[in-house]
Amino acid sequence: MNVTRKRFVPGAIDYGGSISVNYPEGRALSQEAADVWRAAVEPFISRTPAPMILDLGAGTGRFAPMLAAFSAARVIGVEPSLNMLGFAVRQRSAERIAYVAGSAEAIPLLEGSCDVAWLSHVFHHIRERAICASELRRVVRSGGRVLVRGTFADRLDGFSTLFRFFPGARRICEDLPTIGETAAVFGNEEFTLEVHRRIQQRTCGSLREFAERTSMRADTSLTLLSDDEFEAGVTALRQAADRESEPIPVNETVDLLVFQRHHHHSLNGR
Ligand SMILES: C[S@@+](CC[C@H](N)C(=O)[O-])C[C@H]1O[C@@H](n2cnc3c(N)ncnc32)[C@H](O)[C@@H]1O
């Protein structure tokens, strides 16, 4: 039983442990959310035939089917936790999706091999963010893009239901990188912040569903709360869910940063 809340630092979450078991259910992507993200990302997927998309820190492969649905896209998921990766491999839904073990600090791909890199709720976990940005400069072709989906310390207004029941979770999220810090890391490696969008997604259709999801504790901020704080929040949320006569949807706002790699003109155009 842990009684003190832990602070967030990169590496604080062990994705080889229980979170990997609870993640698929505790972080399930609703169809509505997948559709909203598909529409948000679509303008930034290269029009090149069969674009190569890197899903960096792919986890259990939550977003790979959405990415592979773009015209003939090939998706390669890179993930360091073999437990997360094992789930992704077992759920693999298309020939055009492949997975490989690896990390953001040593991406096992060739120079200029990717048109787009997608990092969903991954960037804050990376210990060596400068090395990750340099690796992305190496593997993303000139003019290609890096799409960062995530929660940032300076944009915490999108999780009102979560923070109402788990106020300590907000303080944990205050240790995440800010948008400015993230842009600076990529700016040092020939990437320009092209677009910043705030995407509202329907995370759950009801408080009851949100209570079930949250009780799986498959989220950084919930994992780092003390057990007492976590249990108190789950109890209050379940009581609120029991009082729900009509389903109360839970919407959350998650940020999308789009970086473009500077164009370099060479004879073969890459
Ligand atoms: C919150 S999960 C996100 C998974 C997936 N992108 C998604 O949206 O469902 C964070 C993932 O980042 C991975 N991760 C942690 N450190 C990493 C690193 N240095 N390089 C690549 N991935 C990393 C973890 O193993 C975990 O699977």
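## Two partly exposed loop residues

Let's call a residue buried under 20% relative accessible area, exposed over 50%, and partly exposed in between. This is a predicted model, and that scale is handy for a pair of residues with unusual backbone angles.

Take E190 to begin with. With a relative accessible area of 25%, E190 is partly exposed, because that value falls between the two cut-offs. E190 sits in the loop between helix 8 (179-187) and strand 6 (191-204). Its phi is near 70°, which is positive even though the residue is something other than glycine. For context, most residues other than glycine have a negative phi.

A50 is another case. A50 isn't a glycine either, yet has a positive phi of about 45°. You'll find A50 in the loop between helix 2 and strand 1 (52-56). Its relative accessibility is 26%, so A50 counts as partly exposed.

## Around the ligand

Which residues come nearest to the ligand? Out of 19 around it, they are Y23, G57, R62, E79 and S120. Sorted by class, this shell holds 9 nonpolar, 7 polar and 3 charged residues.

Some polar contacts are worth a look in the viewer. R62 puts an N or O atom of its side chain 2.6 Å from an oxygen atom of the ligand. Y23 has a polar side-chain atom 2.8 Å from a ligand oxygen atom. With A104 it's the backbone that takes part: one of its N or O atoms lies 2.8 Å from a nitrogen atom of the ligand. As for cover, the ligand on its own has 590 Å² of accessible area, and the protein covers 94% of that.

## The second largest pocket

The second largest pocket comes out at a volume of about 280 Å³. It is lined by 20 residues, and the closest to its centre are T60, G61, R62, P65 and F87. R62 is a name you've met already, as one of the residues that come nearest to the ligand.

Which elements give two or more residues to this lining? They are helix 1 (18-26), helix 2 (31-41), helix 3 (64-68), helix 4 (82-91) and strand 3 (97-101). Helix 4 provides the largest share, with 3 residues. Broken down by class, the lining of this pocket has 11 nonpolar, 6 polar and 3 charged residues.

Technical notes. Residues numbered from 1 in each chain as written. Predicted model: local features only at pLDDT ≥ 70, side-chain atom pairs only at ≥ 80, totals over all residues. Heavy atoms only, no water. Near = heavy atom within 4 Å. Polar contact = N/O pair within 3.5 Å; in protein donor to acceptor, adjacent residues only side chain to side chain. Areas by Shrake-Rupley, 256 points an atom, 1.4 Å probe, with all protein chains shown as cover. Nonpolar A, V, L, I, M, F, W, Y, C, P; charged D, E, K, R; others polar. 1 Å grid on protein atoms, 1.4 Å probe; cavity = no way out; pocket = protein on both sides within 12 Å on 5 of 7 lines; lining within 4 Å. Points joined across faces, edges and corners; volume = space filled by probe spheres on them. Helix = DSSP H or I, 4+ residues; strand = E, 2+ residues; numbered from the N terminus. Buried < 20%, exposed > 50% of the residue type's maximum accessible area, 1.4 Å probe, protein only.
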